[in-house]
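Subject: The structure, and some notes on it

Hello,

Here is the structure I promised to pass on to you. Please open it alongside this email, and my notes will follow just below.

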Amino acid sequence: MAVNSDTHEVRLNGISSSPGICIGKAYLVDTHGVEVLNTYYILDSDLKQEKNRFKTAVKKAKNELRDIIKDTPEELRQQSSILESHVVLLEDKLLYGKTLEMMEAELINAEWALKRVVTDLKAVFNEMEDEYFRERANDIVQVSERIWNNLVGAAPVDISEIRKRVILVANDLSPADTSQIQLERVMGFITDRGGRASHTSIIARSLEIPAVQGLNRATSVIKNDDLIVVDGVAGLVIINPTEETLVEFEVRKELYEVQKAQIGRQSHLDATTTDGVTFHVMGNIELPEEVVSVLGYGGDGIGLYRTEFQYLSRPDFPTENELFEKYKDVIDVMGDRPVTIRTLDVNGDKAMGNGRAVNEENPALGLRAIRYCLQKPDVFMTQLRAILRAAAHGKVRILIPMISGMEEITKTKNMLQAAAAELKKEKKTYSSDIEIGIMIEVPAAVMLAESMAPEVDFFSIGTNDLIQYSLAIDRGNREVAHMFNPLHPAIIKMVKQVADVSKQTGTKLYMCGEMAADPANVPLLLGLGIDELSMNSQAIPAVKSMIRLLDTKASHKFTQKVLALNTIDEILDLCQESYGDLLEEHFSVVR
Ligand code: PEP
Ligand code: MG
């Protein structure tokens, strides 16, 4: 069915990626040439309009080429003959005529027809013996790309250059793209791909802009300047809303702000349960500047500093001094509160650019995090030295990501010692009085927790990856996003197993995965015996206020019941039965 967003209100459901509601104009971006998947059927009655859309895109492409030719300096005129041939090709029967024919014969949209015609033509030209003809296949691709960009209204855009106040609409955004977003220009974003636990979502939450991901066809339905509503809480996008819808969402937006402000007003109170047990609620940060927001929301420290973003948004590696300065900035603001610096967790979905990326078939299972660091000792050593120097200025903990075996801990500790020895020799100020912890995010670490405990001071459970690696669910894949649930009994049992080890061995147990950010999970986490929760700063006030509503003994009893259940549905029902009213009363709009 054709979706005509020109006149009708259209609703798309996706995955709630970052909370909040915004209403504004759409701005389509096609970053890094990511292909936009615009394929849909059209109605007979829409055929004429769709054909005109294609013709307009071709005409625009022709004008663009003519302008380029006109502006080509005399000495380069020779080259412009290629562009002249492109102008001719734009209206060639093989490309232009065939695309229109296919739209009519199969009632498919212009982008789809164009793509199929180009694929066929490419195949024909590539078969030809003559080199000249084979090269013509490239011309066809270039010409069709120009038409394509005009059709989808999406030229490659440098996100940091956007000047209007808009809502970004993209097929996909990488974590690096997202970290370039200028808050004064971008109200929110929506993407066709992506899942809730993707790093792109994580950054959206830390930027505090509403985002919905996994919409599948937002880029094919939405056009530049369409008015859209983004409800990041419900995971809903509305295109061309009616007056009535607009009023409804203005009200919902206000309610969201009011509820958020209400919870926020109490965020500086301690997170003490009704039976008098106080928990530390910490903030996760990606960039040093976010530390202010953690304090503003009442965070008791930094439970996770994802240091990799300092490596992603630049072409080279940062120096030891640059890193030291950034870490010290965070430590200085936090004063005597703990700052947990996680060592470089690059690759996976956080590839570094400029020739530093490793080309892997299956990056989530590849040279990521500690594996990368141990293979690049010079890069790792630079970071370890910076951390030890920064540790002299505050209360620093070091956290190692993606540990899957004892050797990785031993090697890291040896390198840390070597770094300290170097600094001592160089008479640099540093501190090696620093707690060492590991992320529990690979199933192997759960199984080996008992052997690893004597080697470390704390465990920090990373549920985002623990779910990804235990349940075999790509955290950024929209197709399986519905299965990505921290209340899966296998995940709860794994957390319980680590909690038991922690208790027996006296190893502190923290959680910094997104599971900790939802007030609905808090009774279970308290019942499991997690000592400290860390989350995106926006979520801190709600989690603290949930803790203040709970009793630890009741949470333990509830957790025992949860542990006896074997399906997500049963667990959800029990959560609803036990805490549904309380959640509805206090957090109905913000979660
Ligand atoms: C996790 O995996 O849960 C985690 C906190 O780390 P990241 O999201 O950065 O992979
Ligand atoms: Mg992780």
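The notes below start with the ligands and then move on to the backbone and some distances. Please keep in mind as you read that this is a predicted model.

**The magnesium ion**

Let me begin with the metal. Which residues coordinate the magnesium ion, ligand 2? They are Glu 441, through OE, and Asp 465, through OD, at 2.0 to 2.1 Å. Glu 441 belongs to the loop between strand E14 (435–440) and helix H16 (443–447), while Asp 465 is part of helix H18 (residues 463–471), so the pair ties together parts of the chain that are 24 residues apart in sequence. Are these two residues buried or exposed? Glu 441 has a relative accessible area of 2% and is buried. Asp 465 is buried too, with a value of 3%.

**Ligand 1**

Asp 465 turns up again at the other ligand. A polar side-chain atom of this residue lies 2.8 Å from an oxygen atom of ligand 1. Two backbones also make contacts of this kind. For Asn 464, a backbone N or O atom lies 2.8 Å from an oxygen atom of ligand 1, and for Gly 462 the corresponding distance is 3.4 Å. How much of ligand 1 does the protein cover? On its own, ligand 1 has 290 Å² of accessible area, and the protein covers 100% of it.

Where does ligand 1 sit? You will find it in the largest cavity. The elements that give two or more residues to the shell around ligand 1 are helix H7 (199–207), strand E11 (302–306) and H18. Of these, H18 provides the largest share of the shell, with three residues. There are 17 residues around ligand 1, and those that come nearest are Arg 306, Arg 342, Asn 464, Asp 465 and Arg 475. If you want a place to start looking, Asp 465 is a good one, since this residue coordinates the magnesium ion and also has a polar side-chain atom 2.8 Å from an oxygen atom of ligand 1.

**Two positive phi values**

Next, the backbone. Leu 107 has a phi near 50 degrees, which is a positive value in a residue other than glycine. Its place is the loop between helix H3 (93–106) and helix H4 (110–127). With 23% relative accessibility, Leu 107 counts as partly exposed.

Asn 240 is another residue other than glycine with a positive phi, here near 45 degrees. Asn 240 lies in the loop between strand E8 (236–239) and helix H9 (243–265). Is Asn 240 buried or exposed? At 17% relative accessibility, Asn 240 counts as buried.

**Some distances across the model**

Finally, here are four pairs of residues that may help you find your way around; each distance is from C-alpha to C-alpha.

- Ala 170 is found in strand E4 (residues 166–170) and is buried, with a relative accessible area of 0%. Its C-alpha atom is separated by 14 Å from that of Ile 15, and the two residues are 155 residues apart along the chain.
- Met 187 is part of strand E5 (residues 186–191) and counts as buried at 15% relative accessibility. Between Met 187 and Asp 349 the distance in space is 24 Å, C-alpha to C-alpha, and they are 162 residues apart in sequence.
- Val 292 lies in helix H10 (residues 291–296) and, at 56% relative accessibility, counts as exposed. Val 292 and Ile 222 are 36 Å apart in space, C-alpha to C-alpha, with their positions 70 residues apart in sequence.
- Pro 318 sits in the loop between helix H11 (309–312) and helix H12 (320–334), where it counts as buried at 7% relative accessibility. The C-alpha atoms of Pro 318 and Gln 504 are separated by 41 Å, and these residues are 186 residues apart along the chain.

Happy viewing, and best wishes!

How values were computed. Residues numbered from 1 in each chain as written. Chains lettered and ligands numbered in written order. Predicted model: local features only at pLDDT ≥ 70, side-chain atom pairs only at ≥ 80, totals over all residues. Heavy atoms only, no water. Donors = N, O, S within 2.8 Å, 3.2 Å for Na, K, Ca; no water. Helix = DSSP H or I, 4+ residues; strand = E, 2+ residues; numbered from the N terminus. Buried < 20%, exposed > 50% of the residue type's maximum accessible area, 1.4 Å probe, protein only. Near = heavy atom within 4 Å. Polar contact = N/O pair within 3.5 Å; in protein donor to acceptor, adjacent residues only side chain to side chain. Areas by Shrake-Rupley, 256 points an atom, 1.4 Å probe, with all protein chains shown as cover. 1 Å grid on protein atoms, 1.4 Å probe; cavity = no way out; pocket = protein on both sides within 12 Å on 5 of 7 lines; lining within 4 Å. Sits in = over half its atoms within 2 Å of the grid points.
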